[in-house]
Amino acid sequence: MAALSEESKMSLVDPASRFSFGWSHGNEMLRSGQPDVYKGSFYANPIVDVPTTDEALIERYPSYCRQNIWPREDLPELEPAFKELGRLMLDVGLLLAHHCSKFVSARKPDYEEGKLVRMLKSSKCHKGRLLHYFPASNRDTEEWEKGLASWCGWHFDHGSLTGLTRATYMKGKDQVPNPDPQSGLYIRDRLGTITKAVFAEDDIAYQMGEATEFHSGGLFRATLHCVQAARGEAAVGVDRNTFALFMQPQWDEPLILPEGHCDRTESHEVVNFGDFTNDRLNKYYGS
């Protein structure tokens, strides 16, 4: 995808969706206020191509309700592979969600039995994201050595569960080992301990998102995470690639938000997931 011509990639850009469908590069803003040019993304819903035809919903929730954009002429093999992998990650994630629901039900008698599975199984909001972290130049590695930049800063995912494949590293057309053993995905647990997330080539890792934290009343906590860039001479010219599946409730699913979790939210205010997402996207793409 990243190697397609600029003309081809621009035909896949969808600003009306808040860059949440198709190709996106340099549109997401970092905490510093600078555009994120270190990675490119391709977004699509792997389960349904057209979530709704309701124009009011499409206007209100464009990041979920607009339709997929596929490079069927330039990269025809992408669509079936994207959908097959996304469906697999959803099916495995639903098995995990079943056990998460059992855990919460055992501790909260008023919790709807099987709620997480029910929400995710019926949702049309799931979103797959192919991530391409562009190769570092000599200047990039010098800046990263000083701690001035990384591939992705600390953040929470706002959905329910995020499935992740292990990253692959490429130099040109050749797959290579991770050029820097210290680079990759890091998580911070509720005690503040920072750990590098390591999993095997055929594994799928899952992170908790904010929606699961809210629905569980805090029994589960969203996973704070970042991606540390590869550093050193061996990292020059090497790109990183991975696939994430954001498993998310339907746009009209209610959330009870604790104080401080939403710009306009008071303690225990009830909002739906679509409006909560819009608030989150405002932080990354502007209102």
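**Figure 1. The largest nonpolar core of this predicted model holds 27 residues**. Met1, Phe42, Phe82, Leu116, Leu120 and Met247 are the members with the most contacts inside this core. At least two core residues come from each of β2 (39–44), α4 (78–105), α5 (115–122) and β12. Helix α4 makes the largest contribution, with eight residues. If you look beyond this cluster, you will find a second, separate core of 18 residues, and Leu131, Leu185, Phe199 and Phe246 are among its members.

**Figure 2. A closer look at leucine 116, a residue of helix α5**. Leucine 116 is one of the residues with the most contacts inside the largest nonpolar core. Its relative accessibility is 3%, so leucine 116 counts as buried. Setting aside residues up to four places away in sequence, leucine 116 touches Ala97, Cys100, Ser101, Tyr111, Ser160 and Thr212. For a sense of how the chain folds back here, try leucine 161: 45 residues separate it from leucine 116 along the chain, and the two C-alpha atoms are 9.8 Å apart.

**Figure 3. Four strands make an open antiparallel sheet**. Reading across the sheet, the strand order is β4-β11-β8-β9. The edges are formed by β4 and β9 (194–196), each of which pairs on one side only. From one strand to the next, the twist averages 20°. Strand β4 (residues 152–155) runs antiparallel to β11 and is joined to it by two bridges. Within that pairing, cysteine 152 sits opposite valine 227 of β11. At the other edge, β8 and β9 are antiparallel partners over three bridges. Here arginine 188 has isoleucine 194 in β9 as its bridge partner.

**Figure 4. Strand β11 (residues 224–228) is mostly covered**. Five of its five residues are buried. In a regular strand, side chains alternate between the two faces of the sheet. Which residues of β11 are buried on one side, and which on the other? Leu224, Cys226 and Gln228 are buried on one side, while His225 and Val227 are buried on the other, so to speak a strand with both faces covered. A good companion to show in this view is strand β8 (residues 184–188), which pairs with β11 in the antiparallel sense over five bridges. To find your place in that pairing, look for tyrosine 186, which stands opposite cysteine 226 of β11.

**Figure 5. Strand β6 (residues 168–171) pairs with both β7 and β12**. With strand β7 (residues 174–176), β6 shares three bridges, and the two run antiparallel. Tyrosine 169 has valine 176 as its bridge partner in β7. The hairpin of β6 and β7 has two residues between the strands, and glycine 172 takes a positive phi near 70° there. Strand β6 also pairs with strand β12 (residues 239–247), again in the antiparallel sense and over three bridges. In that pairing, methionine 170 stands opposite aspartate 239 of β12. Strand β12 also links this view back to Figure 1, since it supplies at least two residues of the largest nonpolar core.

Note on methods. Residues are numbered from 1 along each chain as its sequence is written. This is a predicted model: local features need pLDDT of at least 70, side-chain atom pairs count only at pLDDT 80 or more; totals for chains, interfaces and linings use all residues. Side-chain values use heavy atoms; hydrogens and water are left out. Buried means under 20% relative accessible area, exposed over 50%, partly exposed in between (1.4 Å probe, protein chains only). Two strands pair if DSSP finds at least two bridges between them. Axes are lines fitted to C-alpha atoms, for helices over the stretch in contact, and angles run from 0 to 180 degrees between N-to-C directions. A nonpolar core is a set of buried Ala, Val, Leu, Ile, Met, Phe, Trp, Tyr and Cys residues joined through side-chain atoms within 4.5 Å. Contact means heavy atoms within 4.5 Å.
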